[in-house]
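Welcome! Please take a look at the sequence and the structure below, and then read on for a short tour.

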Amino acid sequence: MLRECTSTEALENPTGEFDLTEHDPVNPSSQTPTQALQRDPVAITRNIANMIRSSQLHHEEFKEIVTTGNRREHWLDAQQVSYQLAHLTLIPDSPTRWGSSYLMIERALYLRQAIEVYILPPVMSTIFKQRLTNNEWAILKDIKNILELAHALQAVMCTEHTPVIACVLPAFDSLLSTWTRMRKEPSNVHLRRMIDVAVEKMTSQYNECRFSKPHIISIVLHPSLRFRWIKRNWPANQVSYSK
């Protein structure tokens, strides 16, 4: 689904620098959400993460920015209340690690203020050729919100120590409902293609599992689900098949 909102080439080559000169220059004050998405904020975030992690010097300088900001109470939340940033580093994503793009975006959003301070000096402008505008940060947050539930679901399924097969279909159902609701939100109109691809793929997997006898039996035997969950959430023909 990320391929619908970021460069496939950049996604498959996470250590290479993504060139977005095609969409430069941009006037941040008049930038539309569509233009912000075209600039590929996911790839820009990866560039920044790779650059800060590329040398010990950059890493230490960024760490000092965080430390100084904490000491001077420079970091402010949405209510303009100061808070302390944890000493964390940026995380580049990887095409072979599931959920890594979500983690990269989440960490960048958390460290946004420190990132903006770090790349502000003129000396850094030659290194960090791409800077995220306010609209591009907003796009990143929207993408993170779309990915968040799927990431949380995957994390639970991978770390649970008790059998979870009964929870697979209810979890799929919840995820599909959430994405369908998010698709209708006006703020996500520029990301509808991304959501459509996610819903299409998840629906295909969901429909295949609904005809799986082990999944059906596990739901019926689950004390908090039972057959009532099937009757409440599935169409009549699927209920008859389950019986």
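This report goes through pockets, a helix packing, two backbone angles and one residue with its contacts.

## The largest pocket

Before we start, please keep in mind that this is a predicted model. Its largest pocket has a volume of about 880 Å³. There are 30 residues in the lining, and those closest to the pocket centre are Met1, Trp98, Gly99, Leu147 and Lys201.

Which elements give two or more residues to this lining? They are α1 (8-12), α5 (100-110), α8 (134-159), α9 (165-184) and α10 (192-210). The biggest share comes from α8, which gives six residues to the lining of the largest pocket. If you care about the chemistry of the wall, the lining of the largest pocket divides by class into 17 nonpolar, eight polar and five charged residues.

## The second largest pocket

The second largest pocket has a volume of about 170 Å³. Its lining can be listed in full: Tyr83, Leu109, Tyr110, Arg112, Gln113, Asn134, Trp137, Ala138 and Lys141.

Two or more of the lining residues of this second pocket come from each of α5, α6 (112-118) and α8. Here, too, α8 gives the most, this time with four residues. Sorted by class, the second largest pocket is lined by five nonpolar, two polar and two charged residues.

## How α3 meets α5

Two packed helices are described by the angle between their axes and the distance between the axes. For helix α3 (residues 41-53) and α5, the angle is about 75° and the axes are 10 Å apart. Because angles of 65 to 115 degrees count as roughly perpendicular, α3 and α5 are roughly perpendicular to each other.

Which residues make the contact? From α3 come Val42, Thr45 and Arg46, and they meet Met104, Ile105 and Ala108 in α5. By class, the contact of α3 with α5 consists of four nonpolar, one polar and one charged residues.

## Two positive phi angles

Most residues other than glycine have a negative phi. Asp40 is not a glycine, yet its phi is positive, near 60°. Asp40 sits in the loop between α2 (33-38) and α3. Is Asp40 buried or exposed? With a relative accessible area of 4%, Asp40 is buried, because buried means under 20%.

Gln80 also has a positive phi, of about 65°, although it is not a glycine. You will find Gln80 in the loop between α4 (56-71) and α5. Gln80 has a relative accessible area of 56% and is exposed, since exposed means over 50%.

## Ile65 and its contacts

Ile65 belongs to helix α4. Its relative accessibility is 22%, so Ile65 counts as partly exposed, a class that falls between the 20% and 50% cut-offs.

Which residues does Ile65 touch, not counting those up to four places away in sequence? The answer is Trp75, Ala114, Val117 and Tyr118. One of these pairs also links separate parts of the sequence: Ile65 and Tyr118 are 53 residues apart in sequence, and their C-alpha atoms are 6.7 Å apart in space.

Technical notes
Residues numbered from 1 in each chain as written. Predicted model: local features only at pLDDT ≥ 70, side-chain atom pairs only at ≥ 80, totals over all residues. Heavy atoms only, no water. 1 Å grid on protein atoms, 1.4 Å probe; cavity = no way out; pocket = protein on both sides within 12 Å on 5 of 7 lines; lining within 4 Å. Points joined across faces, edges and corners; volume = space filled by probe spheres on them. Nonpolar A, V, L, I, M, F, W, Y, C, P; charged D, E, K, R; others polar. Axes fitted to C-alpha atoms, helices over the stretch in contact; angles between N-to-C directions. Parallel < 35°, antiparallel > 145°, perpendicular 65-115°, else oblique. Contact = heavy atoms within 4.5 Å. Buried < 20%, exposed > 50% of the residue type's maximum accessible area, 1.4 Å probe, protein only.
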